[in-house]
Amino acid sequence: MGKSGYDDTPMLPNSPYCVHDHRRPAPAVVTPGSDNSPPSDAVVLFDGTSLDGWQSADGGDAPWQLADGYMEVAPRTGDIVSTAHFGDVQYHLEFACPSEVKGESQGRGNSGVFLMSLYEIQVLDGYDNPTYADGTTAAVYGEYPPLVNACRPPGEWQTYDIFWTAPRFNGAELASPAYLTLVHNGVLVHHHVEVLGPTGHRGVYRYEAHPPTGPLRLQDHGDLVRYRNIWARPVKGYDEG
Ligand code: MG
């Protein structure tokens, strides 16, 4: 590939390459997004124009409301899942909790983003809204509070940038747990935390073997939470192109 570089430098540990190796493939070119658009290699899951790419948990059409550039939870119609499945992945999504504040604690702007349909990053209107720490906005629900509360006020669009390492299984046994890094509105709120297992209310749940990829699931918790601009980038290893 590159004409510059070396072949007489020390070998890197655990690598077929030497330092500054001229044989090492150049990184693939990706055009970054501008004005909130996805990068050129993203898998767009929701661009604000269609609910294609989403379905109900039982495989029917996604029952949520499509509006001008966003979708909104249709309360008590159930969660929706992406038709695309991912393992190790980067996600970007935006959400907004209702501008009209109703309820308190877990009853205020509650939804959720479930990685692989099992591991919830809480979506909540956590702006000046006391609740248990491991259930506030951006918590790994029931496991880890966010490092800080970076919420914007009710009604404003907020961002999650999610960096997910899927758990590995050896048959029925857990080989390595999931890891999560999360950036909320540009603020680091989880830094490579070890996910303890599937998340849930009032319980500790153990890993159970599942396929190496899974969908993104968005929660209907009965509140009028909105989503837009959802995209994914499967994570490839170095030199995989
Ligand atoms: Mg939730």
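**View A. The largest nonpolar core of the predicted model.** The largest nonpolar core has 41 residues. Trp54, Met71, Tyr160, Ile162, Trp164, Tyr227 and Ile230 have the most contacts inside this core. Strand β6 (residues 89-96) gives the largest share of the core, four residues. A nonpolar core here is a set of buried Ala, Val, Leu, Ile, Met, Phe, Trp, Tyr and Cys residues joined through side-chain atoms within 4.5 Å. Buried means under 20% relative accessible area, exposed means over 50%, and partly exposed lies in between (1.4 Å probe, protein chains only). Strands are DSSP runs (E, at least two residues), as helices are (H or I, at least four), and they are numbered from the N terminus. Residues are numbered from 1 along each chain as its sequence is written, and side-chain values use heavy atoms, with hydrogens and water left out. The model is predicted, and local features need pLDDT of at least 70, side-chain atom pairs count only at pLDDT 80 or more, and totals for chains, interfaces and linings use all residues.

**View B. The magnesium ion and its protein donors.** Five named atoms hold this view: Asn110 (OD1), Ser111 (O), Glu120 (OE), Gln122 (OE1) and Gln219 (OE1) are the protein donors, lying 2.2 to 2.4 Å from the magnesium ion. Along the chain, the donors follow the spacing N-S-x8-E-x1-Q-x96-Q. Asn110 and Ser111 are both buried. Donors are N, O and S atoms within 2.8 Å of the metal (3.2 Å for Na, K and Ca); water is not among the atoms, so sites may look incomplete.

**View C. The second largest pocket.** The space in this pocket is about 340 Å³. It is lined by 21 residues, and Cys97, Pro98, Ser99, Glu100 and Leu224 are the closest to its centre. The lining of the second largest pocket divides into eight nonpolar, six polar and seven charged residues. Ala, Val, Leu, Ile, Met, Phe, Trp, Tyr, Cys and Pro count as nonpolar, Asp, Glu, Lys and Arg as charged, and the others, Gly among them, as polar. On a 1 Å grid over the protein atoms alone, a pocket is an open set of points with protein on both sides within 12 Å along at least five of seven lines, whereas a cavity is a set where a 1.4 Å probe fits but cannot get out; lining residues have an atom within 4 Å of a point. Grid points are joined across faces, edges and corners, and the volume is the space filled by probe spheres set on the points.

**View D. Two residues with positive phi.** Most residues other than glycine have a negative phi. Ser117 has a positive phi, near 70 degrees. Ser117 lies in the loop between β7 (111-115) and β8, and is buried, with a relative accessible area of 18%. Arg202 also has a positive phi, of about 60 degrees, and is not a glycine. The loop that holds Arg202 runs between β13 (187-194) and β14 (214-218). At 80% relative accessibility, Arg202 is exposed.

**View E. Pro130 in its loop.** Pro130 is found in the loop between β8 (119-123) and β9 (158-165). Its relative accessible area is 69%, so Pro130 is exposed. Pro130 and Pro154 are 24 residues apart along the chain, and their C-alpha atoms are separated by 14 Å.

**View F. Pairs far apart in sequence.** Pro38 lies in the segment before β1 (43-46) and is partly exposed, with a relative accessible area of 26%. Pro38 and Asn229 are 191 residues apart in sequence and 8.0 Å apart in space, C-alpha to C-alpha. Thr77, in the loop between β4 (71-72) and β5 (80-86), is partly exposed at 36% relative accessibility. From Thr77 to Gly222 there are 145 residues in sequence and 8.7 Å in space, C-alpha to C-alpha.
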